[in-house]
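Let's take a walk through a protein model together. Have the sequence and the 3D view at hand, and follow along one piece at a time.

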Amino acid sequence: YLQAHPAIKVVIGGYCDDRGSAEYNLALGENRANSARTALVSAGVSASRLRVVSYGKEKQFCTEETESCWQQNRRAQFSLDR
């Protein structure tokens, strides 16, 4: 999709579960988002079209204290960059 639409810019947000310190999770979220960015660049998407943001544990998708919930919070999420 991104190769077919070269004008689209994307923000890749890195997220973590709520365990660990804020600093640790910010670094982990950044690593997660950068991994997704690297995969897109390897697939031929220009790096100048991609921006990485780490949200760490600040924006939880699921708030239950279960492994399945923590897994849902450990993610990279894509949105349009305006």
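Start with a single residue: Gly-29 has a relative accessibility of 0%, and because buried means under 20%, Gly-29 counts as buried. Keep in mind that you're looking at a predicted model.

So where does Gly-29 sit? Find helix H1 and you'll find Gly-29 in it. Now look at what is around this residue. Skipping the neighbours within four places in sequence, Gly-29 touches Gly-14, Tyr-15, Cys-16 and Ser-54. There's also a nice example of folding bringing distant parts of the chain together: Gly-29 and Arg-75 are 46 residues apart in sequence, yet their C-alpha atoms are 8.1 Å apart in space.

Let's zoom out to the helix itself. H1 covers residues 22-42, which makes 21 residues, and from first C-alpha to last it reaches 30 Å, close to the 30 Å expected at 1.5 Å a residue. Gly-29 has company in being buried here: the buried residues of H1 are listed as Asn-25, Gly-29, Ala-33, Ala-36 and Leu-40. Why do they end up on the same side of H1? They cover an arc of only 65° around the axis, and that puts them there. Look at the spacing as you go along, and remember a general rule: an α-helix has 3.6 residues a turn, so residues three or four places apart point the same way. Turn to the other side of H1 and you meet Glu-23 and Ser-42, which are exposed. After the helix comes Gly-44, with a positive phi near 105°.

What does the buried side of H1 pack against? Its buried residues pack against E1, E2 and E3. The helix lies across these three strands, running at about 155° to E2.

Now for the strands. They form an open sheet in the order E2-E1-E3, with mixed pairing. At the edges are strand E2 (50-56) and strand E3 (75-80), each pairing on one side only. Neighbouring strands in this sheet are turned by 25° against each other on average, ignoring direction. As background, strands of a sheet pair through backbone hydrogen bonds, either parallel or antiparallel. Strand E1 (residues 10-15) pairs with E3 in the antiparallel sense, over six bridges. To see one such pairing for yourself, pick out Val-11: its bridge partner in E3 is Ser-79.

Put it together and you have a helix lying across three strands, with the buried residues of H1 packed against them.

Technical notes: Residues are numbered from 1 along each chain as its sequence is written. This is a predicted model: local features need pLDDT of at least 70, side-chain atom pairs count only at pLDDT 80 or more; totals for chains, interfaces and linings use all residues. Side-chain values use heavy atoms; hydrogens and water are left out. Two strands pair if DSSP finds at least two bridges between them. Helices (H or I, at least four residues) and strands (E, at least two) are DSSP runs, numbered from the N terminus. Axes are lines fitted to C-alpha atoms, for helices over the stretch in contact, and angles run from 0 to 180 degrees between N-to-C directions. Contact means heavy atoms within 4.5 Å. The expected span of a helix is 1.5 Å times one less than its number of residues. Buried means under 20% relative accessible area, exposed over 50%, partly exposed in between (1.4 Å probe, protein chains only). The arc is that of the directions from the helix axis to the C-beta atoms.
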